[in-house]
Amino acid sequence: MYKQILSQFLDALLPRRCVGCLRYDTWACDDCVAASQRRHQTTLPESSVLSIQTLGPYHDPFWRHSIELLKFRGIKEVAIPLGLALAEYIDELDTSFDNAIIIPMPLHPRRVCERGYNQATLLSEIISQSLDIPLLDNLLVRIKSTRAQAQISNPIERFNNVSKAFSLNDQIRAERVLAGKTVYLIDDVVTTGATALAAVKVLQKAGVRKIELYAVARGS
Ligand SMILES: [Zn+2]
């Protein structure tokens, strides 16, 4: 833990350099963000209300290194260029945000405690400010700590790993706030979408009309 804090502290003192082209003064420059995008859109067969949009593949070193800085090295500033790129994507696909709400994919409280923040919340804050869509950060909660989906190959095990992982901390308030809404669910990486699907089931119970998952990268 202390080693992690120390390394995060030392990283924060490093001069900013773009993970793509090594240009100074930024962690992810506009040119590399634009050039690295391989946007991808899909709908899960299991859920007609959920569509998944990603900026690029996780195996692309640019996206992988950006996410590693954000998630594991405490460099929260990377959320700015990544969040802006997601906001631009949302803005291009949708024209009206009157009925929309942004919800970050929640982390288990223990993980938030270890890391000090939820990277999906940082991305969501940038998108919320950029598109003027309200952000709801405390309604959908993670009640079960799960293993990384990418580490599990068996589909049934994957499903069991995430089922009942989410809950609403206030069902009545959730129904009041979410009924009939479009929710933009924000995450850093999406792999199979099974985790998102578990969150979708909980949100649907509160009357959400449509859910769009936007993530920086898609894993394999
Ligand atoms: Zn660059």
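At what angle do the axes of helix α4 and α6 cross? Keep that in mind while you walk through this predicted model.

**Stop 1: the sheet.** Select the strands. Five of them form an open sheet, in the order β1-β2-β7-β6-β3. The pairing is mixed. Now pick out the edges: β1 (40-43) and β3 (100-104), each of which pairs on one side only. From one strand to the next, the twist averages 25 degrees.

**Stop 2: β6 and β7.** Select residues 182-190 for β6 and residues 210-218 for β7. These two strands run parallel, and 8 bridges join them. For one pair, click aspartate 187: its bridge partner is alanine 215 in β7.

**Stop 3: helix α6.** Add residues 119-131. Helix α6 packs on the sheet, where it touches β3 and β6. The direction of α6 makes about 130 degrees with that of β6.

**Stop 4: α4 against α6.** Select residues 79-93, helix α4. Here is the answer to the opening question: the axes of α4 and α6 cross at roughly 55 degrees, and they come within 8 Å. That angle is why α4 counts as oblique to α6. The crossing is right-handed.

**Stop 5: the side chains between them.** Show the contact residues as sticks. On α4, they include Ala79, Ile80, Leu82, Leu86 and Ile90. On α6, look for Leu122, Leu123, Ile126 and Ile127, among others. Gly83 and Asp91 of α4 also take part, as do Gln119 and Ser130 of α6. Colour the contact by class: there are 12 nonpolar, 3 polar and 1 charged residues.

Key:
Residues numbered from 1 in each chain as written. Predicted model: local features only at pLDDT ≥ 70, side-chain atom pairs only at ≥ 80, totals over all residues. Pairing = 2+ DSSP bridges. Helix = DSSP H or I, 4+ residues; strand = E, 2+ residues; numbered from the N terminus. Axes fitted to C-alpha atoms, helices over the stretch in contact; angles between N-to-C directions. Contact = placed C-beta atoms within 7 Å. Parallel < 35°, antiparallel > 145°, perpendicular 65-115°, else oblique. Left-handed = near helix turned anticlockwise from the far one by under 90°. Nonpolar A, V, L, I, M, F, W, Y, C, P; charged D, E, K, R; others polar.
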